[in-house]
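User: I am in my first year and would like to learn how the labels attached to a protein model are justified. Could you take me through them with care?

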Amino acid sequence: MTSRTCSQVEKKTDHEVDLFDAAQLTFSPGTRALVENLSGGGCKCRVEIVGVKRQQYILFHYSRELSGTVCFEENASVLVRSMCHDHHLCGYKTTVIKILKTPVPLLILRYPEQFEAINMRQYDRIQSVVLVEVFYQGHDYSGVIINLSRGGCRLVIRTNSNVKVLPSLKPDDDLFLIFTLPGENQEFYVAGQCRVVTPEADRYSIGVQFMHLSDKKAQAIDDYVLDLKGWLKPELL
């Protein structure tokens with residue numbers, strides 16, 4: 001692999017803004033967002049996503065204490081900002097369909113056509129398919145790393161009758177990973193800390209921050225990420 005210095009990839013100094021079709025937006029109930037009225041007055045309101053019907057509308061809940069101060073009107077233009085999948089800051093413009101104050105405070109917005117996303121990650125990362133062994137509380141599990149950087153990874157573990165202790169995994173819990181990068185003979189033994197765990201229908205999706213990663217291992221991951229990026233099309237990154 002081509003040798004590169006850590007300083008080339010260690011920290012991003014500029015964040016690029018990318019434009020996507022709104023069909024790619026991911027919505028998780030409870031995700032917080034900031035809605036700003038663009039029709040005048042500068043009104044801003046912090047809300048939480050409670051539901052969505054794709055291509056039609058998004059439902060947001062706002063605090064009952066704000067009912068008297070929310071200044072959105074039907075068809076008003078608004079800007080919505082929130083953290084979305086994989087540490088991207090997302091923003092999109094849309095319009096208000098309706099605002100309800102009773103029985104539950106709800107702000108109903110039209111589903112946007114496009115959204116902008118800024119990658120807020122500290123390190124470059126790449127989508128990957130790397131087999132990994134995960135050790136947690138005396139048990140080991142087989143999984144796949146689906147994206148990787150020198151700072152951490154996201155991995156998935158399928159649920160089955162052997163997955164017994166993993167459901168108790170929570171943020172800040174310690175993990176230990178063993179994996180081998182494609183094209184490398186050396187196994188990586190990496191201590192990590194769970195940052196997010198998402199149970200899905202037949203698997204667990206786990207975000208892991210690497211802890212105490214040696215410079216040599218970090219450099220090897222940087223080289224792998226950068227070399228792979230050179231081969232992939234931008235839409236696959």
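Analyst: What follows is a set of questions and answers about labels and the values behind them. This is a predicted model, in which local features need pLDDT of at least 70 and side-chain atom pairs count only at pLDDT 80 or more, while totals for chains, interfaces and linings use all residues. Residues are numbered from 1 along each chain as its sequence is written, and side-chain values use heavy atoms, with hydrogens and water left out.

User: What makes the contact between Glu36 and Arg81 a salt bridge?

Analyst: The term asks for a side-chain nitrogen of Lys or Arg within 4 Å of a carboxyl oxygen of Asp or Glu. For Glu36 and Arg81 the N to O value is 3.4 Å, so the pair satisfies that limit of 4 Å. In general, side chains of opposite charge can pair when their charged atoms come close. The structure holds eight salt bridges.

User: Why is the pair of Glu36 and Arg81 said to tie together parts that are apart in sequence?

Analyst: Glu36 belongs to strand E2 (residues 32-37) and Arg81 to strand E5 (residues 77-84), so the parts tied together are 45 residues apart in sequence. Such strands (E, at least two residues), like helices (H or I, at least four), are DSSP runs numbered from the N terminus.

User: Why is Glu36 called buried, and why is Arg81 called partly exposed?

Analyst: Buried means under 20% relative accessible area, exposed means over 50%, and partly exposed lies in between, with a 1.4 Å probe and protein chains only. Glu36 has 16% relative accessibility and therefore counts as buried, whereas Arg81, at 35%, counts as partly exposed.

User: How do you know that Arg150 and Asp222 form a salt bridge, and are these residues buried or exposed?

Analyst: The side chains of Arg150 and Asp222 meet at 2.6 Å, N to O, which satisfies the limit for a salt bridge. This pair links distant parts of the chain, since Arg150 sits in the loop between strand E10 (139-149) and strand E11 (152-158) and Asp222 in helix H1 (residues 215-229), 72 residues apart. Arg150 is buried because its relative accessible area is 12%, and Asp222 is buried because its value is 4%.

User: What makes Arg158, Asp202 and Arg203 one network?

Analyst: Arg203 and Asp202 meet in a salt bridge of 3.2 Å, N to O. Salt bridges that share partners join Arg158, Asp202 and Arg203 into one network. Arg203 has a relative accessible area of 24%, so this residue is partly exposed, and Asp202, with 33%, is therefore partly exposed.

User: What is unusual about the peptide bond between Thr102 and Pro103?

Analyst: Most peptide bonds are trans. The bond that joins Thr102 and Pro103 is cis, with omega about -5°, and Pro103 is placed in the loop between strand E6 (88-100) and strand E7 (106-110).

User: Why is Asn75 called exposed, and what is its phi?

Analyst: Asn75, in the loop between strand E4 (57-62) and E5, has 53% relative accessibility and so counts as exposed. Its phi is positive, about 70°, although Asn75 is not a glycine. Most residues other than glycine have a negative phi.

User: How do you know that His212 is exposed?

Analyst: His212 reaches 77% relative accessibility and therefore counts as exposed. This residue lies in the loop between strand E14 (203-211) and H1, and its phi, near 55°, is a positive value in a residue other than glycine.
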